[in-house]
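Student: I've just opened this one and would like to know how the labels get decided. Could you walk me through it?

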Amino acid sequence: SAFLTSLALGVDTVPILLVGPLGGVLADRWDRRRLLLVGYVYQALLTLAFAGLVFAESVDTWHIFAFVMMMGAAWVVIDPARMSMIPRIVPRENLVNAFALNGLAFNGSRLFAPGIAGALLVVAGAGPALLFEAGLQATAVILALAIKIRSTESRGGGLASAVGDVREAIVYVWSNPLTRSLFLVGMVPALLM
């Protein structure tokens, strides 16, 4: 069904819309490299489990939706952790180039990965394509382990203080016209994808 396919492609954004700001709080409070590792390991294991369902020919529609939504939940943690690590890895004078290179890599993968995945689906099938994806996620784990990051202070805290941090950020964004405008401009493309 074209409708269900379109719906499944958008379901990964639900966790981002519901709890996205908490991912930023986690990246501020805990070891970012560890969050990145946990996120990629989680994705690799989830992909392997889904590949197992595909190989067993036991996939129902709800499995696809659950898989996509659970993968989206990982991005809530991975994206803020990855982005906030850049200033800890790259010298200040190279930050603009580092963020540009990060954007190029991210958008380049969004451009080329679907074509490669489609070719792999045609040639080998869904199960092997998912195993290949799990292999790429395992590679991300290995690469994250190799990252040398300048030490950061992580501050713990409970759920109440995390919610307070999110509330404080919302108040700041909405009270500052420039920040509010930038937030809204950044939100439009994400909602239309």
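**From value to label**

Tutor: Let's start with Arg82 and Asp79, whose side chains meet in a salt bridge at 2.7 Å, N to O. A quick note on the source: this is a predicted model, where local features need pLDDT of at least 70, side-chain atom pairs count only at pLDDT 80 or more, and totals for chains, interfaces and linings use all residues. Residues are numbered from 1 along each chain as its sequence is written, and side-chain values use heavy atoms, with hydrogens and water left out.

Student: What makes Arg82 and Asp79 a salt bridge?

Tutor: The term asks for a side-chain nitrogen of Lys or Arg within 4 Å of a carboxyl oxygen of Asp or Glu. Arg82 and Asp79 come to 2.7 Å, N to O, so the label fits. Both sit in helix 4 (residues 61–89), three residues apart, about one turn of the helix. A helix here is a DSSP run of H or I with at least four residues, a strand is a run of E with at least two, and numbering goes from the N terminus.

Student: How many salt bridges does a search of the whole structure find?

Tutor: Two. Asp28 and Arg32 form one of them, with their closest N and O atoms 4.0 Å apart.

Student: Is Arg32 called buried or exposed, and why?

Tutor: Buried means under 20% relative accessible area, exposed means over 50%, and partly exposed is in between (1.4 Å probe, protein chains only). Arg32 has 10%, so it is buried. Its partner Asp28 has 44%, so Asp28 is partly exposed. Asp79 from the other bridge, at 24%, is also partly exposed.

Student: Why are Phe50 and Phe67 called stacked?

Tutor: The structure holds two aromatic pairs. In the Phe50 and Phe67 pair, the ring centres are 4.4 Å apart and the planes are at 5°, so this pair is stacked. The rule: rings of Phe, Tyr and Trp (its six-membered ring) pair if their centres lie within 6.5 Å, and planes under 30 degrees apart count as stacked, over 60 as edge-to-face and the rest as tilted. Phe50 lies in helix 3 (residues 32–55) and Phe67 in helix 4, so the pair ties together parts that are 17 residues apart in sequence. Phe50 is buried at 10%, and Phe67 is buried at 11%.

Student: What makes Trp174 and Phe183 edge-to-face?

Tutor: Their centres are 6.2 Å apart, and 75° separates the planes. That angle is over 60, so edge-to-face is the label. Trp174 has 41% relative accessibility and Phe183 has 40%, so each counts as partly exposed.

Student: Which residues make up the largest nonpolar core?

Tutor: There are ten: Ala8, Val11, Leu46, Phe50, Ala51, Phe65, Phe67, Val68, Met71 and Leu130. A nonpolar core is a set of buried Ala, Val, Leu, Ile, Met, Phe, Trp, Tyr and Cys residues joined through side-chain atoms within 4.5 Å. Helix 3 and helix 4 are the elements giving two or more residues to this core, and helix 4 gives the most, with four. Apart from it lies another core, of nine residues, including Leu37 and Ala140.

Student: How do you know that the span of helix 4 agrees with what is expected?

Tutor: The expected span is 1.5 Å times one less than the number of residues. For the 29 residues of helix 4 that comes to 42 Å, and the end C-alpha atoms are 42 Å apart, so the two agree. Helix 4 also has a kink of about 30°, centred on Trp75. A bend at a residue is the angle between axes fitted to the seven residues ending there and the seven starting there.

Student: Where does helix 2 bend?

Tutor: At Val19, by about 75°, and a proline, Pro21, follows within four residues. Helix 2 (residues 13–29) should span 24 Å, and its end C-alpha atoms are 23 Å apart, which agrees. Its buried residues are Pro15, Gly20, Gly23, Val25, Ala27 and Arg29.

Student: And what does the secondary structure come to?

Tutor: Eight helices and zero strands. Of the 193 residues, 26% count as buried.
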